[in-house]
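The following exercises ask the reader to work through one protein chain. Each task is followed by a solution in steps.

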Amino acid sequence: MKKTLLSLFFTSALFMARADEGMWMLTDLKKQNEVAMTELGLLIPTDQIYNPTGIALKDAVVHFGGGCTGEVISAEGLVLTNHHCGYGAIQQHSSVEHDYLTNGFWAMSRKEELPCKGLTITYIDEILDVTDYVNQQLKTDADPNGTNYLSPKYLNMVADRFAKAEGIALTPGRKLELKAFYGGNRYYLFVKTTY
């Protein structure tokens, strides 16, 4: 009897479960998720979340130090992140006399700010769906075993080709990152600026 009830519980739970969570690409919010997000309570248009040609929420979210997210909270570029993300930067300024890890630090003026050598902040300027272009490149590039197609080296080469073909200007601070998604069924090119 217990096994039957337990089996019925799990079976009914499977029918009630919905698969509406997961990763939503910013570029696809409008066509795939805007209606659902609005029904769930979203109060702003999706182009205020992601807009490659205008200001949107994506401009307030940064990649902090190569491994964490951060949020820009002022027009002058003040960034917040989690304590563990800034731990190394805090530690580099701490000493026995100034234990910033324990006591914290507050710069009362810009002159008192402590620069953190090597710390970077990266903005995603634009995300491009380049699946068709990559698939075209995969057809023309000879790799009979298909082993190099998802390698970073190959994806960097394709990203560079795309940038040249589309006239995307790159500088030492502006870089491209081409990533495969959904098991190599979609390819997105991230245009990023690092400070």
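For the exercise on aromatic rings, rings of Phe, Tyr and Trp (its six-membered ring) pair if their centres lie within 6.5 Å; planes under 30 degrees apart count as stacked, over 60 as edge-to-face and the rest as tilted. The model examined here is predicted.

**Exercise 1. Aromatic pairs**

Count the aromatic pairs, then classify the two ring pairs that F181 forms with Y182 and with F190.

Solution.

Step 1. Under the rule above, the count is six aromatic pairs.

Step 2. For F181 and Y182, the ring centres are 6.2 Å apart and the planes meet at 50 degrees, so this pair is tilted.

Step 3. For F181 and F190, the centres are again 6.2 Å apart and the planes are at 35 degrees, so this pair is tilted as well.

Step 4. Burial is assigned next, with buried meaning under 20% relative accessible area, exposed over 50%, and partly exposed in between. F181 has a relative accessible area of 12% and is therefore buried. F190, at 10% relative accessibility, is buried too. Y182, with 41%, is partly exposed.

Step 5. Ring pairs join F181, Y182, Y188 and F190 into a cluster.

**Exercise 2. Overall architecture**

State how many helices and strands the protein chain has, and give their order.

Solution.

Step 1. The assignment yields six helices and six strands.

Step 2. Read from the N terminus, the order of elements is α-α-β-β-β-α-α-β-α-α-β-β.

Step 3. The protein chain has 195 residues, of which 26% are buried.

Step 4. Among contacts in the protein chain with a separation of 6 or more, 44% are between residues 24 or more positions apart.

Step 5. The exposed area of the protein chain is about 14100 Å², and carbon and sulfur atoms supply 59% of that area.

**Exercise 3. Helix α6**

Compare the span of helix α6 with its expected value, and identify the elements against which its buried residues pack.

Solution.

Step 1. Helix α6 covers residues 152–166, which is 15 residues.

Step 2. The expected span is 1.5 Å times one less than the number of residues. For α6 this expectation is 21 Å, and the distance from the first C-alpha to the last, 21 Å, is close to it.

Step 3. The buried residues of α6 are Y154, L155, V158, A159, F162 and A163.

Step 4. These buried residues of α6 pack against strand β4 (121–129), helix α5 (131–140), strand β5 (174–181) and strand β6 (186–194).

Step 5. Just after α6 comes G167, whose phi is positive, at about 70 degrees.

**Exercise 4. Salt bridges**

For the salt bridges D141–R161, K192–E177 and D59–K58, give the N to O distance and the burial of each partner.

Solution.

Step 1. Side chains of opposite charge can pair when their charged atoms come close. The structure holds seven salt bridges.

Step 2. In the bridge between D141 and R161, the closest N and O atoms are 3.0 Å apart. This pair links distant parts of the chain, since D141 lies in the loop between α5 and α6 and R161 lies in helix α6, 20 residues apart. D141 is buried at 17% relative accessibility, whereas R161 is partly exposed at 28%.

Step 3. The side chains of K192 and E177 meet at 2.3 Å, N to O. K192 belongs to strand β6 and E177 to strand β5, so the pair ties together parts that are 15 residues apart in sequence. K192 counts as buried at 17% relative accessibility, while E177 is partly exposed, with a relative accessible area of 26%. Salt bridges with shared partners join E177, K179 and K192 into one network.

Step 4. D59 and K58 form a salt bridge of 2.7 Å, N to O. D59 is partly exposed, with a relative accessible area of 26%, and K58 is buried at 10%.

**Exercise 5. A nonpolar surface patch**

Which residues form a nonpolar patch on the surface, and where is L57 found?

Solution.

Step 1. The patch consists of L43, I44 and L57, which together have about 320 Å² of accessible area.

Step 2. L57 is located in the loop between α2 (29–39) and β1 (61–64).

Step 3. The relative accessible area of L57 is 47%, so this residue is partly exposed.

Key. Residues numbered from 1 in each chain as written. Predicted model: local features only at pLDDT ≥ 70, side-chain atom pairs only at ≥ 80, totals over all residues. Heavy atoms only, no water. Patch = residues over 30% accessible without salt bridge, like charges linked within 9 Å, V, L, I, M, F, W, Y side chains within 5 Å. Areas by Shrake-Rupley, 256 points an atom, 1.4 Å probe, with all protein chains shown as cover. Salt bridge = Lys/Arg side-chain N within 4 Å of Asp/Glu carboxyl O. Helix = DSSP H or I, 4+ residues; strand = E, 2+ residues; numbered from the N terminus. Buried < 20%, exposed > 50% of the residue type's maximum accessible area, 1.4 Å probe, protein only. Contact = heavy atoms within 4.5 Å.
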